[in-house]
Amino acid sequence: MSDNIIVLRWILSVGESEVRRMIYFIGAGPGPLDLITVKGLDLIELADLIIYPEPPINLQLLDYAKDGCEFFNSAGLSLEKVVVEMVTAAQKGKVVVQLVAGDAKEYDENHEQLGLLRSYCLDFEVVYGVS
């Protein structure tokens with residue numbers, strides 16, 4: 001299977017050894033804190049870097065991050081600047097999470113940001129949320 005294909009997998013019991021060091025795009029739901037998926041919340045808890053758009057996501061999601069997690073507010077920044085932050089962290093072996101407002105279904109094979117990540121040969125996964 002090609003690394004360029006978005007592979008969706010369900011991790012029943014998430015632990016450090018079961019999470020690949022890669023970039024995860026997580027649908028943060030329509031706003032209410034209880035509408036994020038279990039998998040999305042598990043990945044937030046394991047992330048080394050969380051990139052988020054403020055607004056419109058519920059910032060209380062960041063409270064679930066582990067100690068030492070870095071946060072990066074992407075509001076108003078160019079796509080290239082966000083990708084540089086992701087690439088820098090991912091190349092250091094960190095788990096990178098980008099929270100996406102609503103559902104992450106907009107991140108399909110043709111999304112510009114995914115194309116940029118492919119150019120760096122980085123793995124990513126789209127974790128769909130509640131829509």
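This note goes through the fold, the helices and a few single residues of a predicted model.

1. Overall make-up. The chain holds three helices and five strands. Read from the N terminus, the order of elements is β-α-β-β-α-β-α-β. The chain has 131 residues, and 46% of them are buried.

2. Contacts and surface. Take the contacts in the chain with a separation of 6 or more: 67% of them join residues 24 or more positions apart. The accessible surface of the chain is about 6,700 Å². Carbon and sulfur atoms contribute 52% of that surface.

3. Helix α1 and its cover. This helix spans residues 38-46. Its buried residues are K39, G40, D42, L43, I44 and L46. Both K39 and D42 are on that list, alongside L43, I44 and L46. Which elements cover these buried residues? The cover includes four strands: β1 (23-27), β2 (49-52), β4 (96-100) and β5. Strand β5 runs over residues 124-127.

4. G40, inside α1. G40 sits in helix α1. Its relative accessible area is 0%, so G40 is buried; the cut-off is under 20%. Which residues does G40 contact, leaving aside neighbours within four places in sequence? They are I26 and V127. By residue number, I26 falls within β1 (23-27), and V127 is the end residue of β5 (124-127). G29 is eleven residues from G40 along the chain, and their C-alpha atoms are 9.8 Å apart.

5. F25, in strand β1. F25 belongs to strand β1, one of the strands that cover the buried residues of α1. Is F25 buried or exposed? F25 counts as buried because its relative accessibility is 0%. In sequence, F25 and Q98 are 73 residues apart. In space, their C-alpha atoms are 4.9 Å apart. Q98 falls within the residue range of β4 (96-100), another strand in the cover of α1.

6. A65, in a loop. A65 lies in the loop between β2 and β3, the latter covering residues 70-73. What is the relative accessible area of A65? The value is 14%, so this loop residue is buried, given the limit of under 20%. Not counting residues up to four places away in sequence, A65 touches I44, I50 and F71. I44 is among the buried residues of α1. I50 falls within β2 (49-52), and F71 within β3 (70-73). L41 is 24 residues from A65 along the chain, with 9.0 Å between the two C-alpha atoms.

7. Packing of α2 on α3. Helix α2 takes in residues 79-91, and α3 residues 112-119. Their axes come within 10 Å and cross at roughly 45 degrees. That angle is why α2 counts as oblique to α3. The crossing is right-handed. From α2, the residues that meet α3 are L79, E80, V82, V83, M86 and V87. On the α3 side they are E112, Q113, L116 and L117. What classes of residue make up this contact? Seven are nonpolar, one is polar and two are charged.

8. C121, a backbone point to check. C121 lies in the loop between α3 and β5. Its phi is positive, near 60 degrees, in a residue other than glycine. Most residues other than glycine have a negative phi. Is C121 buried or exposed? At 68% relative accessibility, C121 is exposed, because the limit for that class is over 50%.

Definitions and conventions
Residues numbered from 1 in each chain as written. Predicted model: local features only at pLDDT ≥ 70, side-chain atom pairs only at ≥ 80, totals over all residues. Heavy atoms only, no water. Helix = DSSP H or I, 4+ residues; strand = E, 2+ residues; numbered from the N terminus. Buried < 20%, exposed > 50% of the residue type's maximum accessible area, 1.4 Å probe, protein only. Contact = heavy atoms within 4.5 Å. Areas by Shrake-Rupley, 256 points an atom, 1.4 Å probe, with all protein chains shown as cover. Axes fitted to C-alpha atoms, helices over the stretch in contact; angles between N-to-C directions. Parallel < 35°, antiparallel > 145°, perpendicular 65-115°, else oblique. Left-handed = near helix turned anticlockwise from the far one by under 90°. Nonpolar A, V, L, I, M, F, W, Y, C, P; charged D, E, K, R; others polar.
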